[in-house]
Amino acid sequence: MVARRRKRAARESDSGVPTLPGYSAIPIKFSEKQQSSHYLYVREHKVREGTKSSWPQKRTLFVLNVPPYCTEECLSRLLSPCGPVQSVKLQEKPELAESPKEPQSKFFHPKPVPGFQVAYVVFQKPGGMSAALALKGPLLVSTESHPVRSGVLKWIRDYTDSVPDPEALRVEVDAFMETYDRKIAEEEAKAKEEEGVPDEEGWVKVTRRGRRPVLPRTEAASLRVLERERRKRARKELLNFYAWQHRETKMEHIAQLRKKFEEDKQRIELMRAQRKFRPY
Amino acid sequence: MLDVCDVTLASPCHWPQVMESALEGTGKEGKKESLKKRKMAGSPGEGLLQPVKLSRAELYKEPTNEELSRLRETESLFHSSLLRLQVEELLKEVRLSEKKKERIDAFLREVNQRIMRVPSTPETDLTNQAWLPDGVQVPVHQVPYTVKGRFHFLPPAQVTIVGSYLLGTCIRPDINVDVALTIPREILQDKDGLNQRYFRKRALYLAHLAHHLAKDPLFGSVRFSYPNGCHLKPSLLLRPHGKDERLVTVRLHPCPPPDFFRPCRLLPSKSNVRSAWYRGQRYCAALSSHEPPTPHYNTWLLQDTALESHVQLLSAVLGSASGLKDGVALLKVWLRQRELDKGLGGFSGFLVSMVVAFLVSTRKIHTTMSGYQVLRSTLQFLASSDLTVNGISLCFSSDPSLPALADFHQAFPVVFLDSSGRLNLCADITASTYHQVQHEARLSMALLDSKADDGFQLLLMTPKPMIQAFDHILHIRPLSRLQAACHRLKLWPELQDLGGDYVSAALGPLTTLLEQGLGSRLQLLAHSRPPVSEWDISQEPPKHRDPGVLTLGLILQPEGLTSVLELGPEADQPEAADFRQFWGSRSELRRFQDGAIREAVVWEAASMAQKRLIPHQMVTHLLEVGMGCGALAQAFGTSSTGEEALAAAVRCYDDLSRLLWGLDGLPLTVSAVQGAHPVLRYTEVFPPTPVRPAHSFYEQLRELASLLPRPDKPCPAYVEPMTVVCHLEGSGQWPQDAEAIRRVRAAFQLRLAELLTQQHGLPCRATATHTDVLKDGFVFRIRVAYQREPQILKETRSPEGMISLRDTPASLRLERDTRQLPLLTSALHGLQQQHPAFSGVARLAKRWVRAQLLGGELTDESLDLVAAALFLHPEPFTPPSSPQVGFLRFLFLISTFDWKNNPLIVNLNNELSVEEQVEIRSVFLATRAKLPVMVIVTPQDRKSSVWTQDGPSPQILHQLVVLAAEALPVLEKQLMDPRGPGDIRTVFRPPLDMYDVLIRLAPRHIPRHRQAVDSPAASFCRGLLSEPGPSSLMPVLGYDPPQLYLAQLREAFGHLALFFYDQHGGEVIGVLWKPTSFQPQPFKASNAKGRMVVSQGREPVMVPNVEAILEDFAILGEGLVQAVEARSERWTV
């Protein structure tokens, strides 16, 4: 322990907070009690010309190495002294576009356990971002005024949150199914409308509906057909009819034995190497 | 060696190369490639089999005559070319090399000269042994001491080498050369055959020799031993001095000159030990009219006279036929692996050579046969013949003066006469040893016939120690009690015959007694006596009781394993009295349901664990009643094995599934209900108990009818819901879109909960993926499944509109959970019905793996399958019928199985044919690189090994193998210890010194604290009531802080370290840094996790921020973590 402390002291005295070109490092701790800190590596979110990104240029701060106990609200609170924060998004790995999907249902997509994450912090004004870049920590995740729960307390809260409310679930399911049914109905209506109407090149799509549908266009089905064909052909063929066939069968037999022999030799070689023949 | 292999396995970087070369085309280049590859495979570091690819030219070249004949020979003489090569390798390993032979020969010549130079002594009375110098003791017990006759020493008339060394069938590692010394006729007198006179002279002869040879610097050690365990016939062991000491042991056996004894005096019906002499003068009058025959004594005399003729016979038969010699060597290895050839009454290598000679003489074996065929024919003969009823003889003369076989059957249990027709070679073998040989031969024949892939390995390379082979082991000690038993049973004639060896005398009646008592429960009864160790010439010879213990092994019939009743004859039958006498006080009259009144013995046993110990009860009782001596039972019994609790849970599940079947009001009816939880296949380590929560202990969430843990109380009891998969009937109404299907399923879950509450009053709680049901205190988690869902998840549409099925992680997971897991569960449930010990074995095995902190790396199912393999493929054993034997074999399997080159095939329900298994193996070899380290194949899962996909990693598997290899001998020793097994938990305690960081947890928040290997004396209240109270609130489910903590740790630091924990009440988490994680890495946005930048030289590089991480360990587990012990001396940043 002592050695480690000394080493750390030496390292810190060398260079202050070690930095990285392009990034600035902000120390972050869970609370006052901790002795050593993690470092957030932050820089302005920039993309090359022509690459699309949904994060606004100039206002977005890209944060690396966010510790697992630091939530979005936390980060927002910690960075708000630099300027008003518009949004904070924590992700597992850097991604250019904001995930386009609508907020996912908490019933069907439970939140994963967090590890170290990256964050995109969007400030309301560009000034907030530049202030954040100059921030000299250490930031404290959990303070007297805003305690953050971890450990047993957090797990108990998580458990409480995970007890489902069947009513809410039912409402959500019903809403989803309604939209889904509507979508299907629309698609069907559209298909019916298009039936028999030639497209721009003049092709007409014909679909057979009924009790005996045609062969489905799946890989499995086509493989099945091929296999059936092969078997049919094999049944018709005569075995060892010509002298050359006979000769080849014999040769094939010897070849098989040789191959087997080679394999066996290899196995024996291996066993010998592993001293597998010492009986006791 | 293992290390090297493992490193190669661990780095899959060269596998692609192999694959490339395997894909190489034909022609010259291909040939070169394959040659190179073969060389690669041959190099010892490789350790991995690759598919062989021969070029076309090589495969289809014209065969030479030589090659053709070899191929044909292999086909006809051996099972397969692999077997042939294996046999050749094995023989190479056990054979004596020419170089060593030369050294031995030189030593023998020296020995011969030295013996001839030993000076002679003046003649004295046999009882006057004052001439013997101080440093040597007579190597027999001279009881009674007085005996007539005179003795003086003369150098032997002849020194001949006899036995296997001469025949070239001796096997390493301990080479014995037997040398017969013919005692000159002048030393012997006419009636020396009587009253042990010959044996006394023989012993004195050896004592004198020993004294003189011990002075010689040529010999490293000169000691006495009883080579066949016979206490009247010592021999002198000579070992060379210096580095050759281990090379060879020369055994000197004095023998009488040819034709010295008159053969007619030594027939089994004759008496050569006089009672008057043996028991003192007092009995003279009473017994002089009738002298009891001494068949064993006579045999021992005859054995000495026949040494040379036997060797002549064997060399005539085996002489030029190398196949026969190979066969004998293989048979000797076979016997030795089964511990059959040891000590008095062992089925020795000499005996098996004689059996081969007999089979040659009856033309069952031909001299041109190969070693493998000889082995097979001999085993076939041993398995199918019964020498206890129909003895065999090597003597074909029809001399009327020869005794009949029937005479021998009267005197000996097993009969095999030599070529003289007078000597029973099997005289010392007891019936139970012979039955054990038969049993082993039968098992081996079944194994050979089954065409198993590694028959060779199982037959000749796998040792079968007694503790692994038998269901029950019993030790009788101290042996001196048997002496009292002999007196009690009046075994005077036997003692007289055996020269006072009361262990041998009592053995026969003892085994008969037990066989009769155990009756139909018994499959095989075997006994093992530790071999008498050799002793220094200045010491007294060891006493009969010196080995200290007689070990009995029982294999029981599965039916008779647990029945508590021993049914006797009806009370008015004459046999009833015998029955009463046999069972003593335990026998009582009982009236049965069919009205019969019978004698019966009922054993008390409440639980399954106690029932399993019934054979112990019986044996102990029988020994007390019949022999007056106690036996010490050896059992792995714990106070409660939880089998009843498991059965109760399964019964509750059956009830629930009936309810589900009968549920009305569901839009689709239930088509199948399948269990998918370890409890429902009887393999959960700690079975669930009904939950009766004390409401005051919890926070209550009334509106959702649930209990919640409270921060100010200790963690509540851990309740794991048992998963049940519920399939609904097929319908066209299901949507064809993955997201929509999930919603519909959720709707079904809700409906199910509603209906179960309405119709059966069960408290339920539905979520999107499952419904939790509380029934009789057990919590079940019902998952509704739709058969086509995995397929829908798999579908991908190609640009041409063709729909093809591709596995995706989600589809694989779903398929595993809703299809494969229920199938496995039902198959193992079935296995449990066939083999009641399965549950115990699987649970012990799992407990052990988890106690070693490796439970997180190996899935439940994979361990269950390994345990199932012990029952489905027990060769060369029989399926285990007690948990401890199964557990030992589990350790053996884990420590010896070659996972790199073999899949573990678990043939559930016997669905895989032999051809299919061969196919599976070849597919395995071809795709080895893509498969997980541990491959377990079942009929339902032939290619992918789902249960080992996510682990263990090669390092973890290696660790497991090492731990198992260490635990096995320790446990075997403990269980075989006649003084009782001691603390079995020793092998369950994990080594903690290998971890870099130890995180100590607070017992307050470990819900399963009481399940620890060393169960804590006191733990916390977990909020359970002992009395059942009506509760409609759902208890806290699956809330296990250590597991939640581990999940967080693994997610946050899994890229830097491995975390090990025993989920059953472990108080410590072991952390091991990954070897690569401390290497400085260049900066990348994706690997910044938990690392910090330091400048190394001028480059900024990233290293783990260890101090902060160690503090994170404490933060993430606030309240649970007591201390984080960093053993910083183990690493450097």
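**Exercise 1. Across the two chains**

Task: In this predicted model, which side chains of chain B and chain A meet in the salt bridge with an N to O distance of 3.0 Å?

Solution, step by step:

1. Find B:Glu754 and A:Arg170: their side chains form a salt bridge, with 3.0 Å from N to O.
2. Check the cut-off: a side-chain nitrogen of Lys or Arg must lie within 4 Å of a carboxyl oxygen of Asp or Glu. The 3.0 Å pair of B:Glu754 and A:Arg170 satisfies this.
3. Now look at the whole interface of chain A and chain B, where the rule finds 2 salt bridges.
4. Add the polar contacts: 16 residue pairs are counted between chain A and chain B.
5. Ask which element of chain A gives the most to the side that touches chain B: helix 7, with 22 residues.

**Exercise 2. The extent of the interface**

Task: How many residues does each chain bring to the contact, and what area is buried between chain A and chain B?

Solution, step by step:

1. Take the residues: chain A brings 84 and chain B brings 116.
2. Recall how such a size is expressed: often as the accessible area lost when the parts come together.
3. Here, about 9000 Å² is buried between chain A and chain B.
4. Look at the atoms behind that value: carbon and sulfur give 64% of the buried area.

**Exercise 3. A serine in a strand**

Task: Is B:Ser804 buried or exposed, and what does it touch beyond its sequence neighbours?

Solution, step by step:

1. Locate B:Ser804 in strand 26 of chain B, residues 803-805.
2. Its relative accessible area is 9%. Because buried means under 20%, B:Ser804 counts as buried.
3. Set aside neighbours within four places in sequence; B:Ser804 then contacts B:Lys794, B:Glu795 and B:Thr796, along with A:Glu219 from the other chain.

**Exercise 4. Two helices of chain B**

Task: Where does helix 22 of chain B bend, and how many residues of helix 32 of chain B are buried?

Solution, step by step:

1. Begin with the span of helix 22, residues 502-518: its 17 residues reach 24 Å between the end C-alpha atoms, close to the expected 24 Å.
2. Find the bend of about 25 degrees at B:Gly508; B:Pro509 follows within four residues.
3. Count the cover: 12 of the 17 residues of helix 22 are buried, including B:Tyr502, B:Leu510 and B:Leu518.
4. Step just past helix 22 to B:Gly519, which has a positive phi of about 50 degrees.
5. Turn to helix 32, residues 883-896: its 14 residues should span 20 Å, and the end C-alpha atoms are indeed 20 Å apart.
6. In helix 32, 13 of the 14 residues are buried, so the rest of the structure largely encloses this helix.

How values were computed:
Residues numbered from 1 in each chain as written. Chains lettered and ligands numbered in written order. Predicted model: local features only at pLDDT ≥ 70, side-chain atom pairs only at ≥ 80, totals over all residues. Heavy atoms only, no water. Helix = DSSP H or I, 4+ residues; strand = E, 2+ residues; numbered from the N terminus. Expected span 1.5 Å × (residues − 1). Bend = angle between axes of the 7 residues up to and from the residue. Buried < 20%, exposed > 50% of the residue type's maximum accessible area, 1.4 Å probe, protein only. Contact = heavy atoms within 4.5 Å. Buried area = accessible area lost by both parts, 1.4 Å probe. Polar contact = N/O pair within 3.5 Å; in protein donor to acceptor, adjacent residues only side chain to side chain.
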